Structure formats: C-alpha cells, structure tokens
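Reader: I'm used to gels and assays, not coordinates. Could you walk me through reading a few features of a model?

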Amino acid sequence: MDRLLITGGVPLEGTVTVSGAKNAALPLIAATLLTDRPVELDNVPELADVTSMLRLVQRIGTSATYVGGAPGRVRLHTPELLAREAPYDLVRKMRASVLVLGPLLARGGEARVSLPGGCAIGPRPIDLHLKALERLGAVIDLVDGYVEARAPKGLAGAEIEFPQPSVGATENALMAAVLARGATRIVGAAREPEIVDLALLLRSMGARIVGAGTSVIEIEGVARLEGASHTIMPDRIEAGTYAMAAGITGGTLLIRNAPLELLGAAREKLVEAGLELVETQDGFVARRADGVLEGVDVMTRPYPGFATDLQAQFMALMCVARGAAMVTETIFENRFMHVPELMRLGARITVHGGSALVRGVERLKGAPVMATDLRASVSLVLAALAAEGRTEINRIYHLDRGYEHLDKKLAAVGARIERVP
Ligand code: UD1
C-alpha cells in the first residue's frame with residue numbers, strides 16, 4: 001500500500017488546475033444508463049471512484065471508451081441493460097453506486113442494489129432515496145441485504161417531499177422522474193451545484209427539468225432520452241482544498257478552472273481566516289493576506305452553506321491560526337476521525353459532541369499518521385505541508401478516490417512530497 005512522505009514548511013507557489021468534480025462525475029455516469037444512445041462526458045477526473053463507477057455501469061451493459069485516447073473524455077453507450085444490479089462488493093467500497101437505482105428502475109423497470117451498510121463517517125442510510133422512488137410508484141423490498149425495486153408498469157410522476165436535503169436522494173429521484181409518466185415535483189431538494197450539473201446533462205439528453213439548484217425541482221417526464229455531450233463541472237472541494245494549501249503554507253497559488261463563487265460559504269470563511277482570494281478569468285488566486293491566520297468558527301450546512309467536505313481541511317488550517325476556532329459538523333456523525341491524527345502532529349483540539357474546539361498552535365510537527373477517509377486524509381496532507389519536519393501518511397488509497405494526481409499537483413507547486421510504495 002502506498003504512503004506519502006511530506007516534508008513541510010515550504011510555501012507553495014505556482015499554478016494548480018482543478019479537475020472535474022468527482023461528485024458530479026459519479027451521478028452523471030449513472031445518468032448515461034437512462035438512454036440507449038451514446039453520451040460523451042468531458043473533463044472526467046481520473047480517480048479510483050470514477051473507475052469503480054465505470055466498472056459498475058460496464059457490468060450493467062455500458063461500453064465505456066476513451067475518446068481521443070486521453071482519459072478525460074469518455075464515451076458511454078448502453079444499447080441494452082444486460083444486468084440490473086449493483087453488488088455488495090462495489091457498493092461497500094463506494095456508496096455512490098446506489099445512484100444506479102433511479103436510472104435502472106426508470107429505464108428497465110427493476111433494480112437490485114446492495115444496501116451500503118455503515119461507513120467511516122457514520123451510518124449514512126438511504127431511506128430517503130427509497131421513499132422518493134416509492135412515491136414514483138416503485139415497489140421496494142429489502143431481501144438479503146439488497147434493495148429490490150420494481151416498477152413493472154413504469155414510474156409515474158408524483159410530489160416528493162424530503163424532510164431534509166440529501167444530495168444522493170435528490171439525484172436518484174431526479175434520474176427516476178425524467179422517464180416517469182407525467183409531472184414530478186421534488187420539494188426540499190438539495191441545492192448543490194453537482195445537482196445543477198446533473199440536470200444540465202439530463203436536459204441536453206432531452207429531459208424537461210426546471211428549478212435544479214433551488215429547493216423545488218419540477219420535472220415533466222418524457223418517453224425517451226437521447227444521446228448528448230457534456231463537460232463535467234470543476235471540483236469545488238478540490239479548489240477549496242488548494243486554496244487552503246496556499247493559506248496554510250503561506251504561499252500563493254493560482255487556482256485555475258474553478259470559479260470562486262463555487263466555494264459557497266467557504267469563500268467568506270477563508271477570507272475571515274486571513275486568506276486573500278482574487279478572482280481571475282478562469283479561477284482565482286489564493287494567498288495569505290497579511291501573514292497571519294485567524295481562528296474562525298464554522299458550521300457545516302447544506303449548499304450554499306459551508307461544505308462538510310471542506311470541514312477537515314478547514315480544521316487543519318485552524319490548527320495553526322491565532323486564537324481559537326469552533327468547528328461544528330451537522331451533516332455527518334463521526335466526521336472527526338482526522339482529529340486524533342491532527343493531534344499527533346501537535347494540534348490542540350477538544351471535541352464536544354458535534355463540535356471541535358481548535359486552539360491554534362505556533363507550529364505543527366511531522367509524525368506518522370493514518371488516513372481514515374477521503375477528506376480526513378487530505379486534511380492531514382495540508383497539516384503536513386505546514387508542519388516542521390517529515391510526516392508519513394499511511395493508507396492513502398482514500399486520497400486516490402477523490403483527488404486527481406494530488407502528489408504531482410502539489411510537487412509541481414513546490415511541495416516536498418513523495419509517494420512511496
Ligand atoms: C454527497 C457527497 C458527499 C458529501 C455529501 C454532503 C456524492 C457522491 N457525495 O453524499 O461527498 O459529503 O453529499 O454534501 O455526491 N441521509 C439520510 N437518508 C438518506 C440519505 C441521506 O438520513 O436516504 C442523511 C445522511 O446520513 C446525512 C445527510 O442526510 O446526514 C446528507 O447526506 P447526503 O446529502 O445524502 O450525502 P450523500 O449524497 O451520501
């Protein structure tokens with residue numbers, strides 16, 4: 001298993017290009033199952049999770065070919081659904097596999113998808129996905145750890161009301177509703193930009209959708225969808241992570257292919273913490289404004305609130321800020337696995353329930369640490385970049401799930417980072 005060796009203390013300088021968004025690529029690949037025509041996706045990031053999703057749709061009957069020999073552009077074509085299943089071994093490794101449920105049910109009238117079970121950041125149930133599909137007329141049974149969903153006479157439009165926003169459940173509902181008979185109204189929908197990207201692809205395939213990006217999405221079902229071509233949006237979490245890499249090392253990064261407004265509430269919080277973020281033509285420059293980071297409280301919220309996927313990285317930043325910061329996680333239970341690892345690097349953090357009080361220290365010190373989930377892992381990378389001496393990060397396969405060429409991108413802007421087998 002690969003490890004990362006990082007020797008901290010180098011201010012990062014240079015240009016980083018943000019990749020296509022993992023959290024858009026995964027649902028968009030699932031959405032290509034909705035049509036028997038070819039769909040081309042551009043700006044597809046090279047990530048382990050994307051490979052897993054491609055493997056899953058290939059088992060279902062999709063041919064996936066790289067256009068022009070480069071990995072970024074993929075042509076997906078599913079003339080027929082040969083299987084209607086997402087097996088346990090795939091769903092367990094990547095929860096987003098449950099996103100094939102809506103498309104399989106809508107196009108093929110049935111689907112069998114493993115229940116994901118627990119994951120490192122809490123129980124993460126899929127009850128909202130299932131209730132939404134039931135509203136559209138699916139009959140759902142739980143058999144031997146699998147969700148078995150059927151809609152022998154097709155799905156029918158309905159009003160779906162979510163008691164709390166869920167990104168995945170909104171996506172599954174949307175993908176099911178586009179081929180349902182009649183009108184669907186999703187109330188309490190998640191508003192994340194990745195949902196807007198999904199709706200853009202579906203609309204270019206011929207779906208009729210209004211309101212994506214707001215909490216009410218209206219869909220008028222169509223009988224069939226066509227082929228399309230779509231460029232995947234930039235990864236806002238990756239962009240925010242590199243902005244913090246500039247901040248924590250006291251360097252200056254030009255972050256390309258990432259509109260600043262995609263950062264949502266994180267933008268203001270980073271500025272409050274002492275970063276300067278200056279918009280450029282296709283991205284922004286991030287640097288520490290006057291040399292000092294200030295402790296700032298954050299609370300994770302659904303978009304446009306502060307993203308839970310940036311919480312661990314922000315906590316790393318706060319570890320070296322002046323004063324204290326309260327970091328509150330409201331989206332996922334158990335999303336503080338990075339805390340004990342950051343403390344191994346010398347951070348001062350006290351956790352009370354869903355809040356972590358971070359008291360900034362002058363300097364972190366390198367140590368061996370263990371990556372536990374995707375965002376926790378990258379927070380350790382940020383801390384290591386700022387720490388004195390060498391940090392060894394083990395179990396970095398989590399990073400490969402969600403950060404394209406992280407070590408290469410960081411090395412190119414001056415980080416002393418080495419990947420060793
Ligand atoms: C997506 C993102 C993930 C991000 C999260 C929140 C992808 C592939 N993953 O995950 O990176 O951290 O949004 O921004 O896009 N919930 C239920 N029942 C359900 C579904 C969700 O109770 O059926 C709860 C979850 O446990 C959690 C909250 O709702 O507390 C939000 O989860 P959700 O928005 O669904 O996250 P994901 O779509 O899994």
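Author: Sure, and keep in mind that this model is predicted. Let's start with one side chain: Arg224 has a relative accessible area of 44%, so it counts as partly exposed.

Reader: Okay, and which side chain does Arg224 meet in a salt bridge?

Author: The general idea first: side chains of opposite charge can pair when their charged atoms come close. Here, Arg224 pairs with Asp36, with 3.4 Å from N to O. Asp36 is partly exposed too, at 31% relative accessibility.

Reader: Where do Asp36 and Arg224 lie?

Author: Asp36 is in the loop between helix H1 and strand S3, and Arg224 is in the loop between strands S13 and S14, so the salt bridge ties together parts 188 residues apart in sequence.

Reader: How many salt bridges does a search of the whole structure find?

Author: It finds 27. One of them joins Lys269 and Glu272, at 3.9 Å from N to O. Those two sit three residues apart in helix H9, which means about one helical turn separates them.

Reader: Now helices. How do I describe two packed ones?

Author: You use the angle between their axes and the distance between the axes. In this model, the axes of H4 and H6 come within 7 Å and cross at roughly 15°. Angles under 35 degrees count as roughly parallel, so H4 and H6 are roughly parallel to each other.

Reader: Which residues make the contact?

Author: From H4, Leu101, Gly102, Pro103 and Ala106; from H6, Asn172, Met175 and Ala176. By class, that's five nonpolar, two polar and no charged residues.

Note on methods
Residues numbered from 1 in each chain as written. Predicted model: local features only at pLDDT ≥ 70, side-chain atom pairs only at ≥ 80, totals over all residues. Heavy atoms only, no water. Axes fitted to C-alpha atoms, helices over the stretch in contact; angles between N-to-C directions. Helix = DSSP H or I, 4+ residues; strand = E, 2+ residues; numbered from the N terminus. Parallel < 35°, antiparallel > 145°, perpendicular 65-115°, else oblique. Contact = heavy atoms within 4.5 Å. Nonpolar A, V, L, I, M, F, W, Y, C, P; charged D, E, K, R; others polar. Salt bridge = Lys/Arg side-chain N within 4 Å of Asp/Glu carboxyl O. Buried < 20%, exposed > 50% of the residue type's maximum accessible area, 1.4 Å probe, protein only.
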